[in-house]
Amino acid sequence: MEVLEEVPLALLLERCALVVHHGGAGTALTSTAFGLPQLALPQAPYLVEHGERLAATGAGALLREGEQEEGSIRTAVEGMLSGPTATRAARELATEMAALPTPADWVASLAEIAGRR
């Protein structure tokens, strides 16, 4: 195992089968864009929602504070990797996300609105 710090996730995720993370939006959205199942281990109450939403789609799981023990983490990871369900849901979520307009797609409309004022 190798520990890397300050490395953009996008450089690593295409080699991953699953992502275990703290529940932050950047990590969750980047992992979603790569179509990866995710296990969220929120480290603060405001981070729980990302894990809840991933779990609701089937593309991930959430372990809340007090559930984040080695055995529970192992069980969640093995469960998601043992069958196609989480991976399929994660890929479907990535497809839906890719179909959404990007911020750049809104620039012309926003510039037009701003010019009217």
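Two strands count as paired if DSSP finds at least two bridges between them. The exercises below apply this to a predicted model.

**Exercise 1.** Determine in what order the three strands form their sheet, and which strands stand at the edges.

*Solution.* Step 1: the strands form an open sheet in the order 1-2-3, with parallel pairing. Step 2: strand 1 and strand 3 (60-62) each have a single partner strand, so one side of each is left without a neighbour in the sheet, and these two stand at the edges. Step 3: from one strand to the next, the twist averages 15 degrees.

**Exercise 2.** Describe how strand 2 is joined to strand 3 and what lies across the sheet strands.

*Solution.* Step 1: strand 2 (residues 38-40) runs parallel to strand 3, and three bridges join them. Step 2: A40 has L62 of strand 3 as its bridge partner. Step 3: helix 2 (residues 48-57) lies across strand 1, strand 2 and strand 3, and runs at about 135 degrees to strand 3.

**Exercise 3.** Check the span of helix 5 (residues 103-115), then describe its bend and its cover.

*Solution.* Step 1: at 1.5 Å a residue, the 13 residues should span 18 Å. Step 2: the end C-alpha atoms are 18 Å apart, which agrees. Step 3: helix 5 nevertheless has a kink of about 30 degrees, centred on S109. Step 4: helix 5 is hardly covered, since zero of its 13 residues are buried.

**Exercise 4.** State what is notable about phi of E6, and whether E6 is buried or exposed.

*Solution.* Step 1: most residues other than glycine have a negative phi. Step 2: phi of E6 is positive, near 60 degrees. Step 3: E6 lies in the segment before strand 1 (19-21). Step 4: the relative accessible area of E6 is 82%, and exposed means over 50%, so E6 is exposed.

Key: Residues are numbered from 1 along each chain as its sequence is written. This is a predicted model: local features need pLDDT of at least 70, side-chain atom pairs count only at pLDDT 80 or more; totals for chains, interfaces and linings use all residues. Side-chain values use heavy atoms; hydrogens and water are left out. Helices (H or I, at least four residues) and strands (E, at least two) are DSSP runs, numbered from the N terminus. The expected span of a helix is 1.5 Å times one less than its number of residues. The bend at a residue is the angle between axes fitted to the seven residues ending there and the seven starting there. Buried means under 20% relative accessible area, exposed over 50%, partly exposed in between (1.4 Å probe, protein chains only). Axes are lines fitted to C-alpha atoms, for helices over the stretch in contact, and angles run from 0 to 180 degrees between N-to-C directions. Contact means heavy atoms within 4.5 Å.
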